Amino acid sequence: MTAAAPAASPAPPQVLLAHHLRQLKLPTFLREYEKVAAEAAREGLDHVRFLLRLAELELIDRERRMVERRIRAAHFSAVKSFDTFDFTAIPSLNKPLTLELARCEYLIARDNVIALGNSGTGKTHACLALGLAACQRGFPVSFFTAAGLVHQLMEARDERRLLKLQAQLAAVKLLIVDELGYVPLSQTGAELLFEIFSQRHERGSTIVTSNLPFEEWTTVFGSQRLTGALLDRLTHHVHILELNGESYRLKQSKARRRDPRPADEAIAAADPETGEITIAS
Ligand code: ADP
Ligand code: MG
């Protein structure tokens, strides 16, 4: 009789635990359990409280990772929030309404938001901040400029994947279309954009920003009939933000010229080339 081969020594429990936690997709548990175990021993926490602390850490981290994922998926042109938005710089903007919108209930009601105003008044900043708030509250967002969206729609149509893109755009909880009005659209472009707004009507919220008052939207869409039908849908359940006033950047650079010394942290943080202001939150 031959001697039995020696049994393989069992893997140490730490190795198995690490494997199981990876399988269960609990990276924070894995990263933190030794540290939290040491804390628990020091503080005399029982096993339930030890597990509770780890579970809380995992939940907080998971939420943060999901927000980050939504922000990446939204393709924002920049990440901006209302923390860095100076409401006193734009008195025409209804601050209570804007902050109410930042709570995202309009997304549940599937209302739209239209931000109108001349250039540099913070329309893009405001719609980015609303987009960020939506990501933070768990809503999927897609951000486009009007010209960029039309370009993508035309490209998708040429490559015979328009239906797929339309379905994706119809499904997103919040679609942001920035800068409608800077570039007049071709007839096809106008029709494709109209179709998107039409498909989203009462299904999901859309934010549109424009430098043009409604009366002038015909210059973008070409046809009066199409513009009428579009406004009819977009403004059915809508919150209008008015941002009329002096350009924020222009005001900042005028302030800099009047007093070349940095007047406050915000001005000190202005990029000398672009005039981009970074305000410490
Ligand atoms: P618009 O889209 O209306 O042309 P932007 O949102 O692009 O204007 O604003 C131009 C620049 O000024 C951006 O860098 C933006 O962050 C900043 N800005 C505009 N308004 C404000 C404001 N009220 N508070 C803080 N920054 C602002
Ligand atoms: Mg803009």
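**Exercise 1.** Decide whether Gln166 is buried or exposed, and find what surrounds it.

*Solution.* Start with the relative accessible area of Gln166, which is 5%. Buried means under 20% relative accessible area, exposed over 50%, and partly exposed in between, with a 1.4 Å probe and protein chains only. Gln166 is therefore buried. Next, place the residue: Gln166 sits in helix α8, residues 162-171. Helices (H or I, at least four residues) and strands (E, at least two) are DSSP runs numbered from the N terminus. Last, list the contacts (heavy atoms within 4.5 Å). Leaving out residues up to four places away in sequence, Gln166 touches Glu195, Ile196 and Gln199.

This is a predicted model, in which local features need pLDDT of at least 70 and side-chain atom pairs count only at pLDDT 80 or more, while totals for chains, interfaces and linings use all residues. Residues are numbered from 1 along each chain as its sequence is written, chains are lettered from A and ligands numbered from 1 in the order in which they are written, and side-chain values use heavy atoms, without hydrogens and water.

**Exercise 2.** Describe the shell around ligand 1 by class and by helix.

*Solution.* Take as near any residue with a heavy atom within 4 Å of the ligand. There are 16 residues around ligand 1, and Lys80, Asp86, Gly120, Lys123 and His125 come nearest. Sort the shell by class: three residues are nonpolar, eight polar and five charged. Here Ala, Val, Leu, Ile, Met, Phe, Trp, Tyr, Cys and Pro count as nonpolar, Asp, Glu, Lys and Arg as charged, and the others, Gly among them, as polar. Then turn to the helices: α6 (123-136) and α12 (248-258) each supply at least two residues of the shell. The most come from α6, with three.

**Exercise 3.** Find polar contacts of ligand 1 and state how much of the ligand the protein buries.

*Solution.* A polar contact with the ligand is a pair of N or O atoms within 3.5 Å. A polar side-chain atom of His125 is 2.7 Å from a ligand oxygen. A backbone N or O atom of Asp86 lies 2.8 Å from a ligand nitrogen. For Gly122, a polar backbone atom is 3.1 Å from a ligand oxygen. Taken alone, ligand 1 exposes 550 Å², and the protein buries 91% of that. These areas come from the Shrake-Rupley method with a 1.4 Å probe.

**Exercise 4.** Explain why Cys104 has no bond to Cys135.

*Solution.* A disulfide is a pair of cysteine sulfur atoms within 2.5 Å. The closest cysteine sulfur to that of Cys104 is in Cys135, 9.1 Å away, so the two are too far apart for a bond. The structure holds zero disulfides. Cys104 is buried at 1% relative accessibility, and Cys135 is buried at 0%.

Terms used
Polar contact = N/O pair within 3.5 Å; in protein donor to acceptor, adjacent residues only side chain to side chain.
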